[in-house]
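Here is a short tour to read with the structure open beside you. Take a moment to look it over before going on.

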Amino acid sequence: MPRVTFRMPDGSARNCEAPAGETLLHIAWDNDIGIEGACEGVMACSTCHVVVDPAWAGRLPPPEEEELEMLDLAWGLTATSRLGCQIVLTEALDGLAVSLPAETRNLLDG
Ligand code: FES
(Lines give C-alpha, C1' and ligand atoms only; values in the text may rest on other atoms or scores of the structure.)
Protein backbone atom coordinates (compact mmCIF):
# COMPACT_ATOMS: atom_id res chain seq x y z
CA MET A 1 0.00 0.00 0.00
CA PRO A 2 1.29 3.48 -0.75
CA ARG A 3 2.43 5.62 2.16
CA VAL A 4 1.87 9.26 2.90
CA THR A 5 3.44 11.46 5.56
CA PHE A 6 1.42 14.20 7.22
CA ARG A 7 3.61 16.87 8.84
CA MET A 8 1.73 18.47 11.68
CA PRO A 9 1.80 22.19 12.62
CA ASP A 10 3.73 21.30 15.83
CA GLY A 11 6.58 19.81 13.78
CA SER A 12 5.70 16.17 14.38
CA ALA A 13 4.99 13.79 11.53
CA ARG A 14 2.51 10.95 11.02
CA ASN A 15 3.28 8.19 8.56
CA CYS A 16 0.23 6.43 7.17
CA GLU A 17 -0.46 3.63 4.72
CA ALA A 18 -3.65 3.54 2.73
CA PRO A 19 -5.07 1.75 -0.28
CA ALA A 20 -4.56 3.45 -3.63
CA GLY A 21 -7.65 5.41 -4.56
CA GLU A 22 -8.20 7.00 -1.14
CA THR A 23 -8.14 10.78 -0.87
CA LEU A 24 -5.82 12.45 1.61
CA LEU A 25 -8.91 13.74 3.41
CA HIS A 26 -10.21 10.22 4.04
CA ILE A 27 -6.77 8.93 4.99
CA ALA A 28 -6.48 11.75 7.53
CA TRP A 29 -9.93 10.96 8.93
CA ASP A 30 -9.09 7.24 9.19
CA ASN A 31 -5.91 8.06 11.13
CA ASP A 32 -7.26 10.74 13.48
CA ILE A 33 -5.21 13.44 11.80
CA GLY A 34 -6.66 16.87 12.32
CA ILE A 35 -7.97 17.75 8.89
CA GLU A 36 -11.51 18.97 9.28
CA GLY A 37 -12.96 18.54 5.80
CA ALA A 38 -16.15 20.38 6.73
CA CYS A 39 -17.82 19.96 3.33
CA GLU A 40 -16.80 16.28 3.14
CA GLY A 41 -14.96 16.70 -0.13
CA VAL A 42 -17.25 18.72 -2.38
CA MET A 43 -14.85 21.70 -2.63
CA ALA A 44 -16.94 24.10 -0.62
CA CYS A 45 -14.89 24.80 2.51
CA SER A 46 -11.05 24.73 2.12
CA THR A 47 -10.66 23.18 5.61
CA CYS A 48 -8.83 20.28 3.97
CA HIS A 49 -6.03 22.63 2.82
CA VAL A 50 -2.64 20.90 2.79
CA VAL A 51 0.76 22.11 1.61
CA VAL A 52 2.38 19.53 -0.63
CA ASP A 53 6.12 18.97 -0.21
CA PRO A 54 7.68 20.83 -3.17
CA ALA A 55 9.46 17.64 -4.22
CA TRP A 56 6.06 16.04 -4.82
CA ALA A 57 3.97 18.95 -6.04
CA GLY A 58 4.82 18.45 -9.72
CA ARG A 59 3.97 14.76 -9.57
CA LEU A 60 0.34 15.34 -8.69
CA PRO A 61 -2.30 15.86 -11.36
CA PRO A 62 -2.80 19.62 -11.70
CA PRO A 63 -5.73 21.17 -9.82
CA GLU A 64 -9.03 21.83 -11.53
CA GLU A 65 -10.18 25.44 -11.85
CA GLU A 66 -12.75 24.87 -9.09
CA GLU A 67 -10.02 23.71 -6.68
CA LEU A 68 -7.88 26.77 -7.46
CA GLU A 69 -10.82 29.08 -6.79
CA MET A 70 -11.43 27.48 -3.41
CA LEU A 71 -7.71 27.57 -2.55
CA ASP A 72 -7.65 31.29 -3.25
CA LEU A 73 -9.80 31.68 -0.16
CA ALA A 74 -7.72 29.39 2.06
CA TRP A 75 -5.71 30.69 5.01
CA GLY A 76 -1.91 30.61 4.53
CA LEU A 77 -1.93 29.79 0.81
CA THR A 78 1.42 28.65 -0.65
CA ALA A 79 2.65 27.79 -4.14
CA THR A 80 2.13 24.09 -3.46
CA SER A 81 -1.18 24.34 -1.58
CA ARG A 82 -3.87 21.82 -2.53
CA LEU A 83 -7.17 20.60 -1.22
CA GLY A 84 -6.67 17.29 0.59
CA CYS A 85 -10.04 16.06 -0.64
CA GLN A 86 -8.83 16.33 -4.22
CA ILE A 87 -5.55 14.44 -3.87
CA VAL A 88 -5.99 10.75 -4.59
CA LEU A 89 -3.23 8.50 -3.34
CA THR A 90 -1.80 6.15 -5.99
CA GLU A 91 1.07 3.68 -6.04
CA ALA A 92 3.06 6.28 -8.00
CA LEU A 93 2.66 8.67 -5.08
CA ASP A 94 4.11 6.23 -2.54
CA GLY A 95 6.08 8.40 -0.08
CA LEU A 96 4.07 11.58 -0.66
CA ALA A 97 4.53 14.20 2.07
CA VAL A 98 2.20 17.07 2.92
CA SER A 99 2.09 19.62 5.71
CA LEU A 100 -0.98 20.79 7.56
CA PRO A 101 -1.28 24.57 7.87
CA ALA A 102 -1.56 25.93 11.39
CA GLU A 103 -5.06 27.22 10.67
CA THR A 104 -7.82 26.71 8.15
CA ARG A 105 -10.70 28.91 7.15
CA ASN A 106 -14.13 27.32 7.00
CA LEU A 107 -16.09 29.10 4.31
CA LEU A 108 -19.21 27.16 5.30
CA ASP A 109 -19.26 29.17 8.53
CA GLY A 110 -19.05 32.45 6.65
S1 FES B 1 -13.25 18.98 2.36
FE2 FES B 1 -14.13 20.90 1.86
S3 FES B 1 -12.91 21.57 0.20
FE4 FES B 1 -12.04 19.66 0.72
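The report below covers the sheet, the core and one residue of interest, in that order.

## The sheet

Please keep in mind that this is a predicted model. Its open sheet is built from 5 strands in the order 2-1-5-3-4, with mixed pairing. Strand 2 (13-17) and strand 4 (81-83) are the edge strands, each pairing on one side only. On average, neighbouring strands of the sheet are turned by 35° against each other, direction ignored.

Within the sheet, strand 3 and strand 5 pair in the antiparallel sense over 2 bridges. If you look at Val52, you will find that its bridge partner in strand 5 is Val98.

## The nonpolar core

The largest nonpolar core contains 19 residues, and among those with the most contacts inside it are Val4, Leu24, Cys48 and Val98. Two or more residues each come from strand 1 (3-7), helix 1 (24-30), strand 3 (49-52) and strand 5 (96-99). Helix 1 supplies the largest share, with 4 residues.

Cys48 is worth a click: leaving aside neighbours within four places in sequence, Cys48 is in contact with Leu25, Ile35, Gly37, Leu83, Gly84 and Cys85.

## A look at Val51

Why does Val51 count as buried? Val51, which lies in strand 3, is buried because 20 other C-beta atoms lie within 10 Å, and the cut-off for a buried residue is 20 or more.

Not counting residues up to four places away in sequence, Val51 touches Thr78, Thr80, Ser81, Val98, Ser99 and Pro101. Val51 and Ser99 are 48 residues apart in sequence, yet their C-alpha atoms are 5.0 Å apart in space.

How values were computed
Residues are numbered from 1 along each chain as its sequence is written. This is a predicted model: local features need pLDDT of at least 70, side-chain atom pairs count only at pLDDT 80 or more; totals for chains, interfaces and linings use all residues. A nonpolar core is a set of buried Ala, Val, Leu, Ile, Met, Phe, Trp, Tyr and Cys residues joined through C-beta atoms within 7 Å. A residue is buried if 20 or more other C-beta atoms lie within 10 Å of its own, exposed if 12 or fewer, and partly exposed in between; C-beta atoms are placed from the backbone. Two residues are in contact if their C-beta atoms, placed from the backbone, lie within 7 Å. Two strands pair if DSSP finds at least two bridges between them. Axes are lines fitted to C-alpha atoms, for helices over the stretch in contact, and angles run from 0 to 180 degrees between N-to-C directions.
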